[in-house]
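I opened this structure to look up how some of its strands pair, and I kept short notes as I went.

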Amino acid sequence: MTLRSLKQIIPALETSDGAGVRIKRSIGQQQNIRLDPFLMLDEFKVGLPAGFPDHPHRGFETVTFMLPQSQGSFLHEDFAGNAGEINAGDLQWMTAGRGIMHSEMPKSGKIAHGLQLWINLAAKHKLCAPRYQEHPASDVRRASQDGVTAWVIAGSALGVTSQVDTKTPVTYLYFAMEPGAALQQPVPPGHNAFAYTLSGSLEVGGRAFPAHHTLSLS
């Protein structure tokens, strides 16, 4: 096993998006190195009246994961008549393909807290048919070991593999770690890799990092 080293530290910057939404954006800032196929990573905290009214997507995938501790929810719908609700711990994997127009609005004034990762599609998939893969919290696969709990959004961790079908080979994991817990997570050879801290402090390579930092690995 070869251990990857810390390559770049990217503090998340607060910015605006949608209609009055304040987000913390790490990957996707103009000064970043490329982390192909990842286009953007946003941490959002939003309640009405702010939100993401009708807007288009094309040529990539967006993965919305509502954090398990989120107090609020999203309502979403698109031009093809698809509609639904994303609650705490729920996962939506949307492949925009050749194009989709949709909206994501908070259900109420309660704060919806989650992550949205944008993943580029290879040229051969750019014009594929749009589709959703939606999984309620009860269906998102989890595993626990030695003070670490993993929500396996895509790929594998702690002996558990996600059921999500991805156009691009990707591992996407949400970890909750007890104080002092340690983790070694295999990463496929040739894959770019990063970690984003949501709360607490994470030690990587002997250095501790506070919340809202992306740690790009070699």
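Looking first at E18 in this predicted model, I found that three bridges join E18 to strand E21, residues 213–217, and that the two run antiparallel. Within this pairing I noted Ala-195 standing opposite Leu-215 in E21.

I then looked up the sheet to which these strands belong, and found an open sheet of three strands, ordered E1-E21-E18, with antiparallel pairing. Strand E1 (6–11) and strand E18 (194–196) stand at its edges, and because each has a single partner strand, one side of each is left without a neighbour in the sheet. From one strand to the next, the twist averages 15 degrees.

Next I turned to strand E3, residues 21–25, and asked which of its side chains are buried. I found that the side chains alternate along the strand: Val-21, Ile-23 and Arg-25 point to one face and are buried, whereas Arg-22 and Lys-24 point to the other face and are not.

I went on to the partners of E3, beginning with strand E2 (residues 13–17), which runs antiparallel to E3 and is joined to it by five bridges. Here I recorded that Ser-16 has Arg-22 in E3 as its bridge partner. The hairpin of E2 and E3 has three residues between the strands, and in this hairpin I noted that Gly-18 takes a positive phi near 60 degrees.

My last entry concerns strand E4, residues 38–46, which is joined to E3 by three bridges, the two running antiparallel. In this pairing I found Lys-24 opposite Glu-43 in E4.

Technical notes: Residues are numbered from 1 along each chain as its sequence is written. This is a predicted model: local features need pLDDT of at least 70, side-chain atom pairs count only at pLDDT 80 or more; totals for chains, interfaces and linings use all residues. Side-chain values use heavy atoms; hydrogens and water are left out. Two strands pair if DSSP finds at least two bridges between them. Helices (H or I, at least four residues) and strands (E, at least two) are DSSP runs, numbered from the N terminus. Axes are lines fitted to C-alpha atoms, for helices over the stretch in contact, and angles run from 0 to 180 degrees between N-to-C directions. Buried means under 20% relative accessible area, exposed over 50%, partly exposed in between (1.4 Å probe, protein chains only).
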